[in-house]
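Me: Please go through the structure shown below in a short series of questions and replies.

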Amino acid sequence: MFENIIGHKAVIRQLSDEVSSGRLPGSILIEGAQYAGKLTIALELARALTCTGDRKWNCRCRACRYQKQLVNPDTILLGPDDFMEEIHLTASLLKESNEFYSRYLFLRDVRKLLHRFNPVFFDDKESRVRKAEPFIAEIEEKLDGFNPDLDTGINEKFIDSVVSAAASLSKETNLINISVDYIRKIIFWSHTTGLEKNKVIIIE
């Protein structure tokens, strides 16, 4: 586990030991400078906690496949960032180099944005959700045929169309404040039956 993390050796060693020994605390605060890799560490920790295999990055268990593409229903993210700066950067990278890593980086950044509209947080009748639904549906439809393990079907037109839909969706986020209602819904969700044994909540 944590093969995709660059640096932070002491932190990674401690987290790896605690996961392997079953001594990981129920809640963890990861602190650091902007772009230090805090969210990446949190997402990799979520993968390790939900993995039903050997926890290596190339593990093919269902939980790991879902976690790497950020579609695992046992992990939710919430916070104010709309990730558009990252999406533009990874879109440029993917145009320049259609490689395994660039496909995953782009997909994960777009999925982070989609997590802002997790049904766990919202009532279907909320106006913001209704406004966002067309853009969410458009992005999901485009990503449906996007397999980051393969280099097929990736071109500038596809990338630009996803970025455009993501930019439209990001205007509907406005999640500067995490309301008490959000927390209540997350607590309720945490007590429901999940896909695997563990559930993970990442608050940025």
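Reply: pLDDT is the predictor's confidence in each residue, from 0 to 100. Helices (H or I, at least four residues) and strands (E, at least two) are DSSP runs, numbered from the N terminus. The model is predicted, with local features needing pLDDT of at least 70, side-chain atom pairs counting only at pLDDT 80 or more, and totals for chains, interfaces and linings using all residues. Residues are numbered from 1 along each chain as its sequence is written, and side-chain values use heavy atoms, without hydrogens and water.

Me: In which helix of the chain is confidence lowest?

Reply: The chain has a mean pLDDT of 87, with 95% of its residues at 70 or more. Confidence is highest in α4, at a mean of 94, and lowest, at a mean of 84, in residues 127-144, helix α6.

Me: Are α4 and α5 roughly parallel or roughly antiparallel?

Reply: Axes are lines fitted to C-alpha atoms, for helices over the stretch in contact, and angles run from 0 to 180 degrees between N-to-C directions. The axes of α4 and α5 come within 9 Å and cross at roughly 155 degrees. Angles under 35 degrees count as roughly parallel, over 145 as roughly antiparallel, 65 to 115 as roughly perpendicular and the rest as oblique. The pair α4 and α5 is therefore roughly antiparallel.

Me: How are α1 and α2 oriented to each other?

Reply: Helix α1 covers residues 9-21, and its axis comes within 11 Å of that of α2, crossing at roughly 20 degrees. Because of that angle, α1 and α2 are roughly parallel.
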